[in-house]
Amino acid sequence: MKPAVRDWLLRSRPFLVYPAVITGLLVWVGARGQIGLGPTAALWFAGLAFWTLLEWTLHRAMHLPMPWPALSRFQDQAHLRHHREPHDLEHSVVTLSGSIPLALAFFGLALAVLRDLDAALAFQAGLMTGYVWYEFVHLAGHGAWRVPLLRGPVKYHALHHYQDWERGFGVTTPLWDWVFGTLPQPRAAKTFTHPSSSPAS
Ligand SMILES: [Zn+2]
Ligand SMILES: [Zn+2]
């Protein structure tokens, strides 16, 4: 396989898998007709909102001191490496071997709480939509893609990378940083550039 194709596949992993799964779940829930369109939409939105909290929590955990060397090594490979190599887009996305078990675990949790398969699937579709959106926003920042609507989130994530790793754990929204008191100071030292992109004007 050509290196360029391999790298594209590595970067695209979440986008090749999750949008199809999300669509499939929503179509399946709709076709079964056990819960109406309104509840399906509400549960999807609840899953999306829950993602933003999960995003903050998982990212926060990646910057906490770990009690065991094995956990520190995991943390390093899963996230801190990304801080050392912010231009390595292939390692900027979560691996499928990491995201799929997590997705299944949260689906199990949703099923246990909601006690309804269709409701849990609609919630899970929202959670995964939030996750895919996170990956897109994150890659847009690190790849220095010019997406006008994402300037705010991209600048915000740059503060986490280049100003203070102990603040700014939200990527798609600053909401939970605001709630938990981890908002970064509003002065950007530097923003993202990527070697393959033309310098930002
Ligand atoms: Zn990042
Ligand atoms: Zn981080």
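Student: Is Arg 115 buried or exposed, and how do I read that from this model?

Tutor: The model is predicted, and exposure is read by counting C-beta atoms around a residue. Twelve or fewer within 10 Å means exposed, and 20 or more means buried. Arg 115 has 9 other C-beta atoms within 10 Å, so Arg 115 is exposed. Its place is in the loop between α4 and α5.

Student: What is the phi of Arg 115 near, and what sign does it have?

Tutor: Start with the general idea: most residues other than glycine have a negative phi. In this structure, phi of Arg 115 is near 55 degrees, a positive value in a residue other than glycine.

Student: Which residue with a positive phi follows α5?

Tutor: Helix α5 is followed by Ala 144, with phi near 50 degrees. Ala 144 is in the loop between α5 and α6 (151-162). Ala 144 counts as partly exposed because 18 C-beta neighbours lie inside 10 Å.

Student: How many helices and strands does the protein have?

Tutor: Seven helices and zero strands. Read along the sequence, the pattern is α-α-α-α-α-α-α.

Student: How do I judge a helix by its span, and what does α5 reach?

Tutor: Compare the distance between the end C-alpha atoms with the span expected at 1.5 Å a residue. Helix α5 (residues 117-142) has 26 residues and reaches 37 Å, close to the expected 38 Å. Helix α2, with 25 residues, reaches 36 Å, close to the 36 Å expected.

Student: What does α3 span between its end C-alpha atoms?

Tutor: Helix α3 (residues 69-84) spans only 19 Å, whereas a straight helix of 16 residues would span 22 Å. There is also a bend to look at: α3 turns by about 50 degrees at Asp 76. Ala 70 is found in α3 too. With 9 other C-beta atoms within 10 Å, Ala 70 is exposed. From Ala 70 to Met 1 the distance is 33 Å, C-alpha to C-alpha, and the two are 69 residues apart in sequence.

Student: Which residues of α2 are buried?

Tutor: They are Thr 40, Leu 43, Trp 44, Gly 47, Trp 51, Glu 55 and Trp 56. These buried residues pack against α1, α5 and α7.

Student: What does Trp 56 touch, leaving out residues up to four places away in sequence?

Tutor: Trp 56 touches Phe 169, Gly 170, Trp 176 and Asp 177. It has 23 C-beta neighbours inside 10 Å and therefore counts as buried. Sequence separation and spatial separation should be read side by side. Trp 56 and Pro 174 are 118 residues apart along the chain, yet their C-alpha atoms are separated by 8.9 Å.

Student: Where is Gly 170, seen from the other side of that contact?

Tutor: Gly 170 is found in the loop between α6 and α7 (175-180). A loop residue can still be buried: Gly 170 is, with 27 other C-beta atoms within 10 Å. Leaving aside neighbours within four places in sequence, Gly 170 is in contact with Thr 52, Glu 55, Trp 56, Leu 175, Trp 176 and Asp 177. By contrast, Phe 106 is 64 residues from Gly 170 along the chain, and their C-alpha atoms are separated by 19 Å.

Student: Which residues touch the most other members of the largest nonpolar core?

Tutor: The general idea is that in soluble globular proteins, nonpolar side chains tend to be buried together. Here the largest nonpolar core has 21 residues, and Leu 121, Ala 122, Phe 123, Ala 125, Leu 127, Met 128 and Tyr 131 touch the most other members. Two or more residues of this core come from each of α1 (3-32), α2, α4 (96-114) and α5. The largest share, 11 residues, comes from α5. Not counting residues up to four places away in sequence, Met 128 touches Tyr 18, Val 21, Ile 22 and Ala 103.

Student: What is the radius of gyration of the whole protein, and what would a compact globule have?

Tutor: A compact globule with 201 residues would have a radius of gyration near 17 Å, and the protein has 18 Å, which agrees. Along its principal axes the C-alpha trace spans about 50 × 40 × 40 Å. Buried residues make up 26% of the 201 residues. Among contacts between residues at least 6 apart in sequence, 67% join residues at least 24 apart.

Definitions and conventions
Residues numbered from 1 in each chain as written. Chains lettered and ligands numbered in written order. Predicted model: local features only at pLDDT ≥ 70, side-chain atom pairs only at ≥ 80, totals over all residues. Helix = DSSP H or I, 4+ residues; strand = E, 2+ residues; numbered from the N terminus. Expected span 1.5 Å × (residues − 1). Bend = angle between axes of the 7 residues up to and from the residue. Rg over C-alpha atoms; globule rule 2.2 N^0.38 Å. Contact = placed C-beta atoms within 7 Å. Core = buried A, V, L, I, M, F, W, Y, C linked by C-beta atoms within 7 Å.
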